[in-house]
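Work through the exercises below with the sequence and the model side by side. Each one sets a task and then solves it step by step.

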Amino acid sequence: MGSQWRLVKPEGLAPAPRGAHASVALGTKVLVFGGADRAPVPFNDLWILETADRKYEWTRISPMMAPGCKLLPRSGATLTVVGDRVYLFGGTEPVSGMCFNELKVLDPDTWTWSDVEPQGTLPPPRHSHCSGCLSETCLIVYGGAGYQGPMQDLWIYNTLQNAWSRPTVSGDQPQAREMHTGCMVDPTTLLVYGGRGSNFKVCCDAALFDARQMKWTAIEPTPFSRCAHSSVVLPPAHAISSHGEAESGDAAGVDHKACRNGAPLPVEGNGTAATVQGTTAPATGAAGSSSRVLIYGGYSGEAVEGDILQIDSCTLEIELVRRGPRESDKGGTVPSVRFAHSAVVVPTGGGGGGDMLHTMVVFGGVNPKEDLNDVAVWVLG
């Protein structure tokens, strides 16, 4: 059976409708923080959506705060899992316009927030950026919007050294942008897609950053302009054809084991981040199969979208997997169009041949009519 949408109604009290929240997967759990409604009223609440055995249930977490730690409501922040901790960076308080550059860390075993007091120069305050886990020990942050508008800088926080650095990068850089997405297609490669530039024009390009070389290695335009969309990396064997069918392969994705023994990113005295020692994993698998990235929803500059797109992380070729709600769709089977939502991939059990099945879980967002707090899942066939 091919991939398809399902609308689910989780048990438990749901979060208030919102957009521009932060979300990340913790195994079968989806962690959601903050965001804002259109009033705008910002949030600093923390929620877990359990998805195990396809039985969806919301739980609101009442986290503890380490001494001196305060966490103001915000939207446009990011959550990133690095090791056994979850890092929260950036965001904005939409009423006052205050932007943040503080780094918070959450211990998911005790649900305790703590301040991180890193060494080195801090990144400028920002929101609507992207972040990812680099080489299993670092946090990488790119772009976003600050007090002077969209940005194109790239920063790395090394958890082992407790230090920020702004590496000197080479290659043709993407233009400054906000409301883009970025995801790690292998342990050292960041794929950035879309966003909105300094001229308020919605971007249509995809770009790759290779942290082993500290170089932007490719920028390719696409036919699809998007901002405030979501992107997720498909697990191996889940590339999807334009007919919504999963394309199986014995080597789709990357051998992450090649990076597990690599040293953390050392920072040289001149502010240039050196390459990751021992890292050999490219953006393609052993048989040449590339990772695939699913793009969903967003704003095109003309309309709020509900399409699903797929990008090849090697060639940056893009294809339309499924159009948004169509007249032929039965009511209640396809999510409404949206932007400023979140999407993560979670495991959903074993499939035929012993393969693990996965699902993209979409939560919330906004559209021209309303703020949303619904849950939709794209079940990967």
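**Exercise 1: the surroundings of one residue**

Task: find which residues I295 touches, leaving aside residues up to four places away in sequence.

Solution. Taking contact to mean heavy atoms within 4.5 Å, I295 touches T181, Y193, H229, S230, S231, D307, I308, L309 and I311, when residues up to four places away in sequence are not counted. The next step is to place the residue: I295 lies in strand β24, which covers residues 292-296, where helices (H or I, at least four residues) and strands (E, at least two) are DSSP runs numbered from the N terminus. Its relative accessibility is 1%, so I295 counts as buried, a word that stands for under 20% relative accessible area, with exposed meaning over 50% and partly exposed in between (1.4 Å probe, protein chains only). Finally, the C-alpha atoms of I295 and I318 are separated by 9.7 Å, and these residues are 23 apart along the chain.

Before going on, note that this is a predicted model, in which local features need pLDDT of at least 70 and side-chain atom pairs count only at pLDDT 80 or more, while totals for chains, interfaces and linings use all residues. Residues are numbered from 1 along each chain as its sequence is written, and side-chain values use heavy atoms, with hydrogens and water left out.

**Exercise 2: the whole protein**

Task: state how many helices and strands the protein has, and what share of its residues is buried.

Solution. The secondary structure comes to one helix and 29 strands. Of the 381 residues in the protein, 55% are buried. Turning to contacts with a separation of 6 or more, residues 24 or more positions apart account for 58% of them. The accessible surface, computed by the Shrake-Rupley method with a 1.4 Å probe and, for residues, with only the protein chains shown as cover, comes to about 15900 Å², and 50% of that surface belongs to carbon and sulfur atoms.

**Exercise 3: an open sheet**

Task: work out in which order the five strands of the open sheet that includes β6 and β12 are arranged.

Solution. Two strands pair if DSSP finds at least two bridges between them. Begin with β6 (residues 64-65) and β12 (residues 112-115), which pair in the parallel sense over two bridges; the bridge partner of M65 in β12 is W113. Next, β11 (residues 103-107) runs antiparallel to β12 and is joined to β12 by four bridges, with D107 opposite T112 and V105 opposite S114. These two strands, β11 and β12, form a hairpin with four residues between them, and W111 in the turn has a positive phi of about 55°. The full order is β6-β12-β11-β8-β7, with mixed pairing. The edge strands are β6 and β7 (78-82), each of which pairs on one side only.

**Exercise 4: core and rings**

Task: identify which members of the largest nonpolar core touch the most other members, then describe how the rings of Y157 and W164 are placed.

Solution. A nonpolar core is a set of buried Ala, Val, Leu, Ile, Met, Phe, Trp, Tyr and Cys residues joined through side-chain atoms within 4.5 Å. The largest one has 17 residues, of which L31, L46, L79 and W113 touch the most other members. At least two residues of this core come from each of β2 (22-26), β3 (29-36), β4 (42-50) and β8 (85-89).

For the rings, those of Phe, Tyr and Trp (its six-membered ring) pair if their centres lie within 6.5 Å, and planes under 30 degrees apart count as stacked, over 60 as edge-to-face and the rest as tilted. A search of the whole structure finds ten aromatic pairs. In one of them, Y157 and W164 have ring centres 5.5 Å apart and planes at 50°, so the pair is tilted. Both Y157 and W164 are buried, and ring pairs link Y87, F89, Y157 and W164 into a cluster.

**Exercise 5: backbone angles**

Task: compare where S135 and F200 are found, and decide whether each is buried or exposed.

Solution. Most residues other than glycine have a negative phi, and most peptide bonds are trans. S135, which is not a glycine, has a positive phi of about 55°; it is found in the loop between β13 (130-134) and β14 (138-146), and is buried, with a relative accessible area of 2%. F200 also has a positive phi, near 65°, and is found in the loop between β18 (189-193) and β19 (205-210), but at 62% relative accessibility F200 counts as exposed. As a last step, the peptide bond from A39 to P40 is cis, with omega near 5°, and P40 is found in the loop between β3 and β4.
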